[in-house]
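Visitor: Could you take me on a close look at one part of this model, please? I would like to see how two helices pack.

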Amino acid sequence: MSDDLQTLIDSLPDLGGAVLVTLEMTVGGAALAMIVALVLGFGARTRSLWVRGPSRVVIEFFRGTSLVVQIFWLFYVLPQFGFKMEALAVAIVALGLNYGAYGAEVVRGSIASVPTSQWEAATALNLGWAHKVRRVVFPQAWALMLPQLANLLIQLLKGSALAFYITLHDVYWWTDELQRDTRDTFFSFGIGLIIYFVIAYILTWGMNWLEERAKRRLGRGTRPRLRDVLGLKPGVPSEVARVKGGVA
Amino acid sequence: MNDESIWDWDTAWAVLPDLLQGLVVTVEATVIGMIIASILGLLIALAMRTPTRWVRGPLRFVVDFVRMTPLLVQLVFAWLLLVDIPPLAIGFGVLGVHYATYMSEVYRAGIEAVPPGQWEAATALNLPRGRTWRAIILPQAIKNTLPGLGNYAVSMFKETPFLFAITVVEMYSAAQRFGANTFSYIEPLTMVGLLFLLVSYPTSLLVRRMEIRLA
């Protein structure tokens, strides 16, 4: 056990870089996913079939084919067509597209859940479409979508562990190295899992904070107790959440 | 490689039998994993209702821990730790436990959605506790959980390729192996993706239908 600890201490300098790679993938993937989700989510709501159709196809395509297949396809197959990306870029693009497609359903559902009267009131005030969405509808939808986006963010973090298999040195890679050095699976993987848990927990706090802020902006906020902020909300699965927001 | 024949239909047909064999393993893992997840998830949901904090607190922690750490790392962890157990069995078990933590929330919501009047009626009829659960609460609660179960089955199906990391030859590893032997990855990997879509999309449509019907 003391040898294990010594090896752990020796490998700590690598941990910083490994956590950074995992965070880069998570934050980069989440940013891309958010853009994809907004574009596809709004696209899936338009009246024009020429926009709605392709949006739906893209959403169902990325939701339906597994993340594992997507990431390896981008890494092994795409270069053969002449698009070579760095491994980190592959991971971010794969995570962004996959979870972006899930996020699109969240965005679409949340916007559908904002009462129609809000749209009508904004129209009555003669607000333009962009103004309506930015000032009236989106802030309300944002508060609704945050809990589900928080779950997707954790799933994205978990999915990023795949990057180890496309040569990236992330937290899972660090765990694997530690296992090889200590030959103590329980110790090394235990620590690796705890690191993932801590990252996930911090991300959850951040999302809880964003949710509270979004609710306060709507005048629905209560000052949250410490317990609400630090507590983990039971995860609503992304797939379950989709229909709650209204029928496609 | 010349540009004219990036996609080779002969290779695509050659890999198909391997992929279909892999698909059988994939479906098997999903079904068995889901059975484990449904049973264990229910047990967790019931255990979470015990009044003592000393049971709920630690259990809550374990459930959150399993839910918030990568399935992939859990799989490899269990595989390295339990050397005597065949990888496929480990795959079933870890998938089952991972999804049980999600299913427990579905059950919790399902149980809470049973109207309080049902509990009161059972008390008024002087039914014993066990009978109340078995005959009154659970049948209604489980009906509420069916869409959740369906959604997680679809989602688990798409996560079975993680089993490649522990040497189980499911659909993705079958494609990977074929690619490694023939140096052609385009057809196998593309076909795997399409096969996933082919199975998961109709299933999710079916689940959505069930959801609307039961709602």
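Guide: Here is a walk along one helix pair, with a short stop at the chain interface afterwards. This is a predicted model, in which local features need pLDDT of at least 70, side-chain atom pairs count only at pLDDT 80 or more, and totals for chains, interfaces and linings use all residues. Residues are numbered from 1 along each chain as its sequence is written, chains are lettered from A and ligands numbered from 1 in the order in which they are written, and side-chain values use heavy atoms, with hydrogens and water left out.

In chain A, the axes of helix H1 (residues 2-43) and helix H6 (residues 129-159) come within 11 Å and cross at roughly 140°. Helices here are DSSP runs of H or I with at least four residues, numbered from the N terminus; axes are lines fitted to C-alpha atoms over the stretch in contact, with angles running from 0 to 180 degrees between N-to-C directions. H1(A) and H6(A) are therefore oblique to each other, since angles under 35 degrees count as roughly parallel, over 145 as roughly antiparallel, 65 to 115 as roughly perpendicular and the rest as oblique.

Among the residues of H1(A) that meet H6(A) are A:Thr22, A:Gly29 and A:Phe42, while the H6(A) side includes A:Trp129, A:Trp142 and A:Leu157; contact means heavy atoms within 4.5 Å. The residues of this contact divide into 13 nonpolar, three polar and no charged (Ala, Val, Leu, Ile, Met, Phe, Trp, Tyr, Cys and Pro count as nonpolar, Asp, Glu, Lys and Arg as charged, the others, Gly among them, as polar).

Finally, the contact between the chains takes 42 residues from chain A and 44 residues from chain B.

Note on methods: Helix = DSSP H or I, 4+ residues; strand = E, 2+ residues; numbered from the N terminus.
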